[in-house]
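Where does this protein leave room inside itself, and what sits around those spaces? Let's take a walk through the pockets, a cavity, one serine and a couple of cysteines.

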Amino acid sequence: MTEFADLAYPDVESLSEDERPTVLLLPLGATEPHGPHAPLRTDTLISLGICGRAAGRLENDPDVRALVLPPLAYGVTRYGAAFPGAVSIEEATLRALVVEICGSLAAQGFGRIVLVNSHLEPEHVQTLRTAVEELGRAVRLFDVTRRQTAAQLTDEFRSGSGHAGSYETSLVLADEPSLVHRERMEGLESKMIDMPAAIAAGQKDFTAMGMDRAYCGSPAEATPEEGERTFEILTTLLVDLVREVATC
């Protein structure tokens with residue numbers, strides 16, 4: 001069993017009797033438009049996919065156990081506000097949620113936590129970094145925007161054109177293919193827009209960046225095989241971080 005919320009309370013209590021340290025994984029995402037083809041919960045699905053694979057890989061590990069917490073599916077999501085389905089919370093709200101969730105768990109003896117985030121709006125990521133700094137060394141952020149991590153991901157991701165493109169759509173196809181509208185996906189032209197550069201230039205919404213259908217990159221090139229390859233890389237990186245946190 002790898003889902004924290006599937007346990008009954010005596011099972012949670014018994015975790016403290018195990019010699020293996022327990023590291024909890026908190027999947028973080030958003031509810032926002034991901035093109036006309038991919039679900040609003042794309043980011044959350046990706047985080048859940050990484051967490052589930054990492055926890056499964058460590059299920060019988062003699063040195064550490066990882067359990068997946070229920071996801072936090074709302075984030076700072078302003079860039080897609082022009083499109084239906086974008087649900088945003090304020091930075092202070094996100095910080096309070098993360099800090100209070102982690103604090104509640106730490107008070108029960110579960111202070112080793114990894115935040116696994118797949119929503120990359122800069123204000124959202126910075127808020128999570130601030131929360132982690134406040135929470136202390138035993139709480140870490142699995143941050144794919146860090147240069148060392150990004151270097152291991154796809155060309156499209158590194159180009160900055162990964163919103164609902166081949167990178168993200170492939171990950172959804174690997175886990176929840178029924179949620180991708182294939183006929184829409186296959187008809188979408190490639191739009192290579194460097195989102196970080198556009199944001200640095202002061203463009204703060206998808207339409208200003210030229211993302212008139214709430215995507216960039218090349219969604220028509222997405223495949224479940226690419227998604228599985230990317231999940232394998234992300235899972236390995238997360239497992240390495242979990243092992244590091246287990247020693248805190």
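What follows goes through the empty spaces, then the serine, then the cysteines. Keep in mind that this is a predicted model.

**Empty spaces**

Rolling a probe the size of a water molecule over the atoms shows where empty space is left. Here is how the spaces and their linings work out:

| Space | Volume | Nonpolar lining residues | Polar lining residues | Charged lining residues |
|---|---|---|---|---|
| Largest pocket | about 620 Å³ | 11 residues | 8 residues | 6 residues |
| Second largest pocket | about 420 Å³ | 5 residues | 3 residues | 6 residues |
| Largest cavity | about 50 Å³ | 7 residues | 1 residue | 1 residue |

Let's start with the largest pocket, at about 620 Å³. Its lining takes in 25 residues, and the ones nearest the centre are Leu 120, Glu 121, Thr 145, Met 195 and Pro 196. Four helices each give two or more residues to that lining: H4 (122-135), H6 (155-159), H7 (166-175) and H9 (195-200). H4 gives the largest share, with 4 residues.

Now for the second largest pocket, with about 420 Å³ of space. It is lined by 14 residues, and Leu 141, Asp 143, Arg 146, Thr 149 and Leu 241 are the closest to its centre. Two or more lining residues come from each of H4, strand E4 (139-142), helix H5 (147-150) and helix H10 (224-246). This time H10 gives the largest share, again 4 residues. H4, then, is on the list for the largest pocket and on the list for the second largest pocket.

How many cavities of 30 Å³ or more does a search of the whole structure find? The count is 1, and about 50 Å³ of space lies in it. Around the cavity you'll find Ile 46, Ile 50, Ser 118, Leu 120, Val 144, Phe 157, Tyr 167, Glu 168 and Leu 234. The elements giving two or more residues here are helix H2 (42-57) and H7. Leu 120 may ring a bell: besides lining the cavity, Leu 120 is among the residues nearest the centre of the largest pocket.

**A serine in a loop**

Ser 161 is found in the loop between H6 and H7. Is Ser 161 buried or exposed? Ser 161 counts as buried because its relative accessibility is 2%, and the cut-off for buried is under 20%. A polar atom of the Ser 161 side chain lies 2.6 Å from the backbone oxygen of Ile 193. Leaving out residues up to four places away in sequence, Ser 161 touches Glu 156, Lys 191, Met 192, Ile 193, Asp 194, Cys 216 and Gly 217. Ile 193 therefore turns up twice, as a contact of Ser 161 and as the owner of that backbone oxygen.

**The cysteines**

How many disulfides does the structure hold? The number is 0. Why is Cys 51 not bonded to Cys 102? The sulfur of Cys 102 is the closest cysteine sulfur to that of Cys 51, but it is 12 Å away, too far for a bond. Cys 51 is also buried, with a relative accessible area of 0%.

Cys 248 has its closest cysteine sulfur in Cys 102 as well, at 13 Å, so that pair is too far apart for a bond. For a disulfide, the two sulfur atoms have to be within 2.5 Å. Cys 248 counts as partly exposed, at 28% relative accessibility.

Note on methods: Residues are numbered from 1 along each chain as its sequence is written. This is a predicted model: local features need pLDDT of at least 70, side-chain atom pairs count only at pLDDT 80 or more; totals for chains, interfaces and linings use all residues. Side-chain values use heavy atoms; hydrogens and water are left out. On a 1 Å grid over the protein atoms alone, a cavity is a set of points where a 1.4 Å probe fits but cannot get out, and a pocket is an open set with protein on both sides within 12 Å along at least five of seven lines; lining residues have an atom within 4 Å of a point. Grid points are joined across faces, edges and corners, and a volume is the space filled by probe spheres set on the points. Ala, Val, Leu, Ile, Met, Phe, Trp, Tyr, Cys and Pro count as nonpolar, Asp, Glu, Lys and Arg as charged, and the others, Gly among them, as polar. Buried means under 20% relative accessible area, exposed over 50%, partly exposed in between (1.4 Å probe, protein chains only). A polar contact is a pair of N or O atoms within 3.5 Å; within protein, one must be able to donate a hydrogen and the other to accept it, and residues adjacent in sequence count only if both atoms are side-chain atoms. Contact means heavy atoms within 4.5 Å.
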